[in-house]
Amino acid sequence: MNNKVSKKVEQMQPSGIRAFFDLVLGMKEVISLGVGEPDFVTPWVIREAGIYSLEQGFTGYTSNKGLYKLRLGLHRYLKSKYNLHYSPDDEMLITVGVSEGVDLVLRAIINPGDKIIVPQPSYVSYGPVTELAGGIPVYTDTTKDGFKLTPEKLEKAIDKKTKGIILNYPVNPTGVSYRKKELEALGKIILKHGLICICDEVYGDLTYDFEHTAFPTLAGLKKNTVYLNGFSKSFAMTGWRVGFACGPKEIIAGMTKIHQYTIMCVPITAQMAAAEALVSGKKSIEEMKREYSRRREFVVEELNLMGLLCNKPQGAFYVFPSIKKTGLSSLEFSQKLLKEEKVAVVPGTAFGQCAEGFIRISYASSMESLKEALLRIERFMGKL
Amino acid sequence: MEEILEILEKDGRVSPDDIAKMLKKKPQDVKAAIRKYERDGVILKYKAVINRDLVKAEPCGLRALIEVNIVPQKDVGFDRIAERIYSFPEVSSCYLISGTYDLLVIVEGKNIHAVSSFVAEKLSCLENVRRTTTHFLLKKYKEDGVILKQKEENKRIAISY
């Protein structure tokens, strides 16, 4: 048999910087600012709840939709935080991280040839997963608009085949976020064309300069929105793989159908721990957020001082400085920095071709590592 | 400005310039705030947290927790007798406690003889000290929020999206 792998998968673009990542993994004593997860371990109260659930013998399947206790906890959490009402019975699904949520919603809504708008630079999975679901990703370049999708660009990207848009904010990789007014302007267009907005708000709790606005809280938009969030970033629970999707009944029902045939349910230990996170993890969130915010100020100031210009991001734990003045490409800069100073960053092009000339720096590292890494980058810049 | 204290409490060596960058304030304002904290006695001192078990040249001493029952004095209650007790250099901490005894006194000594002779010859014979119960400490796991164990290496993968 010659064609063991399907055409669709064969044609999928592998990440162009795979070789670079392998290089990083093979090197010792590297300071990595390339990490997309918190440097905190999951707060002890949450870990303890996971351990306790094992001791109690909670080792079986849960309902396909997820533990009722967890859905109820999320219902209360969204109500108190955003005054957002989703029924735990039929408007909510517990997923294996937001990643599964993205996959499920795309597969649930896309008919062959439907288009999904993806503002770039963006998280790496949106485009490929859209293609796997039989859709066509339509990338819009936000680099000239401060990494934000503007209403004009959105309007321009829409045609008859457009089914929806994936809106992630605060944005991985740029850290940029949207204020309520900006979201309302985008919302109007989404409503006008009857699109579905898939909003990935996994970094929502890590918004520093203003209140995060959940997209479905905007007037009239709840029925057009699938709200995705998870425990990975805000509760430092990346490895537990717990996310959730909230949305209109029929979409959630469609997603649940796929979920029950492919995943069955999220591991019960992780769900038990997540339920506890909602009850007693709030204090830890606030502490981590203050710590991130201080690092952000520090890193942004230092980078700008050494000529790697960047705006202050409003959320997540990334900065996205321009390296254009060095004359190097994103990949060349990252490779050279790694070889000469053993500092790992992620080339902007990992997040879309339009992000050539930028790098992603994660400040989810201790102040000590950040200081040392910034010293090395400064030395590196001096040698260029 | 309370955030300055939060930073320094975690790491007393962070420089005012770095704190200024983290909080987006002027370095001189941060310096002035720290000076004021020091003057007002909010910040009392800066010191290193040492894991004595790992100091080879100088075997770690012995620590005892002593429950002390006291006859309080007119007008000054426990304060005067507490002062007499905590002024001994052997006493590393001293707390007034509710419950079945009054003062919890933590004493450090080179060995069991040093600690017992302090209890027998200095503490117990103080006027107003009615009774003492001494507990020798066997192992320290965590002290003042610091887990006394070397940091485990980072378990994250080096690159992730």
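Start in chain A by selecting Thr95(A), which stands opposite Gly243(A) in β8(A); helices (H or I, at least four residues) and strands (E, at least two) are DSSP runs, numbered from the N terminus. Residues are numbered from 1 along each chain as its sequence is written, while chains are lettered from A and ligands numbered from 1 in the order in which they are written. What is on display is a predicted model, in which local features need pLDDT of at least 70 and side-chain atom pairs count only at pLDDT 80 or more, whereas totals for chains, interfaces and linings use all residues.

**Strands β2 and β8 of chain A**

Keep Thr95(A) selected and add Leu93(A), which stands opposite Ala245(A) in β8(A). Four bridges join β2(A) to β8(A), and the two run antiparallel; strands are taken to pair if DSSP finds at least two bridges between them. Which way do the side chains of β2(A) point? Met92(A) and Ile94(A) point one way and Leu93(A) and Thr95(A) the other way, and all are buried, where buried means that 20 or more other C-beta atoms lie within 10 Å of the residue's own, exposed that 12 or fewer do, and partly exposed in between, with C-beta atoms placed from the backbone.

Now select strand β8 (residues 243-246) of chain A, both faces of which are covered: Gly243(A) and Ala245(A) on one side and Phe244(A) and Cys246(A) on the other are all buried. Strand β7 (residues 225-230) of chain A is joined to β8(A) by four bridges and runs antiparallel to it, and here Asn229(A) stands opposite Phe244(A).

**The seven-stranded sheet**

Widen the selection to the open sheet of seven strands in chain A, whose order is β2-β8-β7-β6-β5-β3-β4 and whose pairing is mixed. At its edges stand β2 (92-95) and β4 (136-141) of chain A, each with a single partner strand, so one side of each is left without a neighbour in the sheet. From one strand to the next the twist averages 20°; axes are lines fitted to C-alpha atoms, for helices over the stretch in contact, and angles run from 0 to 180 degrees between N-to-C directions. For a parallel pair, select strand β3 (residues 115-120) and strand β5 (residues 162-168) of chain A, which are linked over three bridges, and find Lys115(A), whose bridge partner in β5(A) is Thr162(A).

**The two domains of chain A**

Colour chain A by domain next: domain 1 covers 7-42 + 283-383 and domain 2 covers 44-280, with bounds that come from an automatic or database domain assignment. Their centres, taken over C-alpha atoms, are separated by 25 Å, and the contact takes 31 residues from domain 1 of chain A and 36 residues from domain 2 of chain A, two residues being in contact if their C-beta atoms, placed from the backbone, lie within 7 Å. On the side of domain 1 of chain A that touches domain 2 of chain A, α11 (282-305) and β9 (318-319) each supply at least two residues, and the largest share, six residues, comes from α11(A). The residues of that side divide into 17 nonpolar, nine polar and five charged, where Ala, Val, Leu, Ile, Met, Phe, Trp, Tyr, Cys and Pro count as nonpolar, Asp, Glu, Lys and Arg as charged, and the others, Gly among them, as polar.

**Chain B**

Move to chain B, where the domain assignment gives domain 1 (2-39) and domain 2 (57-139), with 36 Å between their centres, taken over C-alpha atoms. Select its four-stranded open sheet, ordered β2-β3-β1-β4 with antiparallel pairing; the edge strands are β2 (91-96) and β4 (129-136) of chain B, each pairing on one side only. Five bridges join β2(B) to strand β3 (residues 103-109) of chain B, and Cys94(B) stands opposite Val105(B) in β3(B). Then add helix α4 (residues 79-86) of chain B, which lies across β1 (62-70), β2 and β3 of chain B and runs at about 165° to β2(B).

**Where the chains meet, and confidence**

Finally, show both chains: ten residues of chain B are in contact with 17 residues of chain A, and the side of chain B that touches chain A has five nonpolar, one polar and four charged residues. The model scores ipTM 0.75 and pTM 0.88. Colouring chain B by pLDDT, the predictor's confidence in each residue from 0 to 100, goes with an average of 90, and 98% of the residues score at least 70.
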